[in-house]
Amino acid sequence: MFPPGHYGLALACYSVVGYALLRRGYARDALSGGGIVLSYSLFPDLDGQFELLVHRGVTHTVWFGVAVGVLCVLAVASSLRTRPRREAARGALWAFFLGSFAVAVHLVADLLNPWGVMPVYPVSPALYSLDIVRATNDAANYAMLAFGVGCAATAWIAGRTPETDSSLVRRLYRRIRPEETVTDERVGE
């Protein structure tokens with residue numbers, strides 16, 4: 001798939017996670033997690049930037065997904081050091097999940113075309129492909145993007161709670177007018 005297709009499938013798959021987080025009142029985690037998954041969804045295609053790497057080689061494996069997850073944990077490690085142990089463990093697991101999830105969704109998107117992927121290379125050189133659509137098919141890529149945006153919008157609308165709405169509005173209002181104290185009554189007007 002080309003970038004629009006990868007973004008669309010990332011949005012579609014993450015919308016399930018985002019919905020679950022929104023229903024539990026974790027709107028900030030849902031939105032920031034979606035942004036991270038979107039930004040990392042093309043990470044496996046960086047192999048095209050390096051001459052010594054073969055496209056759809058080592059960067060298109062589950063091992064690379066684990067490595068990206070570990071990279072995400074290392075990226076947030078300094079901010080987790082000062083947190084209580086349980087909270088730091090949750091943060092590390094969340095970072096690992098987001099990084100590895102982005103790579104896994106990329107692999108699923110590449111399974112849709114005839115070139116496929118070798119997800120457990122070098123353990124097994126088996127190539128997996130569903131051969132549904134070519135990666136170069138613009139219509140399929142943009143249809144996947146539209147589907148992903150639709151899934152994300154549906155998850156956002158269905159997953160919001162009254163607490164989520166008021167807390168987001170309050171935070172945004174504080175950023176606009178930081179000198180004033182904001183209460184729920186004032187935001188609702």
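Where in the protein chain is the place of Pro-122? The place of Pro-122 is in the loop between α4 and α5, the latter helix spanning residues 138-159. The report below, which rests on a predicted model, begins with the chain as a whole and then returns to that loop.

## Overall make-up

The protein chain contains seven helices and zero strands, and from the N terminus on its elements follow the order α-α-α-α-α-α-α. Of the 189 residues in the protein chain, 34% are buried. The area that the protein chain exposes comes to about 11,400 Å², and 64% of that area is supplied by carbon and sulfur atoms.

When contacts with a separation of 6 or more are considered, 62% of those in the protein chain are accounted for by residues 24 or more positions apart.

## The packing of α1 and α4

Helix α1, which covers residues 3-23, packs with helix α4, residues 85-111, at an angle of about 140 degrees, and their axes are 9 Å apart. Because of that angle, α1 is oblique to α4, a class that takes in angles which are neither over 145 degrees nor in the other named ranges. The crossing in which α1 passes α4 is right-handed. On the α1 side the contact is made by His-6, Leu-9, Ala-10, Cys-13, Tyr-14, Val-17 and Leu-21, while α4 contributes Trp-94, Phe-97, Leu-98, Phe-101, Val-105, His-106, Val-108, Ala-109 and Asp-110. Sorted by class, the residues in the contact of α1 with α4 are 13 nonpolar, two polar and one charged.

Val-17, whose place is in helix α1, gives a closer view of this packing. Leaving aside residues up to four places away in sequence, Val-17 touches Trp-94 and Phe-97, and both of these partners belong to the α4 side of the contact. The C-alpha atom of Val-17 is also separated by 9.0 Å from that of Ala-155, although the two residues are 138 residues apart along the chain.

## The loop between α4 and α5

Two backbone features can be described in this loop, and for both it helps to recall a general pattern. Most residues other than glycine have a negative phi, and most peptide bonds are trans.

Tyr-121 and Pro-122, however, are joined by a cis peptide bond, for which omega is about 5 degrees. Asp-131 also lies in the loop between α4 and α5, and its phi is near 50 degrees, which is a positive value in a residue other than glycine. With a relative accessible area of 51%, Asp-131 is exposed, since the cut-off for that class is over 50%.

Definitions and conventions. Residues are numbered from 1 along each chain as its sequence is written. This is a predicted model: local features need pLDDT of at least 70, side-chain atom pairs count only at pLDDT 80 or more; totals for chains, interfaces and linings use all residues. Side-chain values use heavy atoms; hydrogens and water are left out. Helices (H or I, at least four residues) and strands (E, at least two) are DSSP runs, numbered from the N terminus. Buried means under 20% relative accessible area, exposed over 50%, partly exposed in between (1.4 Å probe, protein chains only). Contact means heavy atoms within 4.5 Å. Accessible areas come from the Shrake-Rupley method with a 1.4 Å probe; for residues, only the protein chains shown count as cover. Axes are lines fitted to C-alpha atoms, for helices over the stretch in contact, and angles run from 0 to 180 degrees between N-to-C directions. Angles under 35 degrees count as roughly parallel, over 145 as roughly antiparallel, 65 to 115 as roughly perpendicular and the rest as oblique. A crossing is left-handed if the near helix is turned anticlockwise from the far one by less than a right angle, and right-handed if clockwise. Ala, Val, Leu, Ile, Met, Phe, Trp, Tyr, Cys and Pro count as nonpolar, Asp, Glu, Lys and Arg as charged, and the others, Gly among them, as polar.
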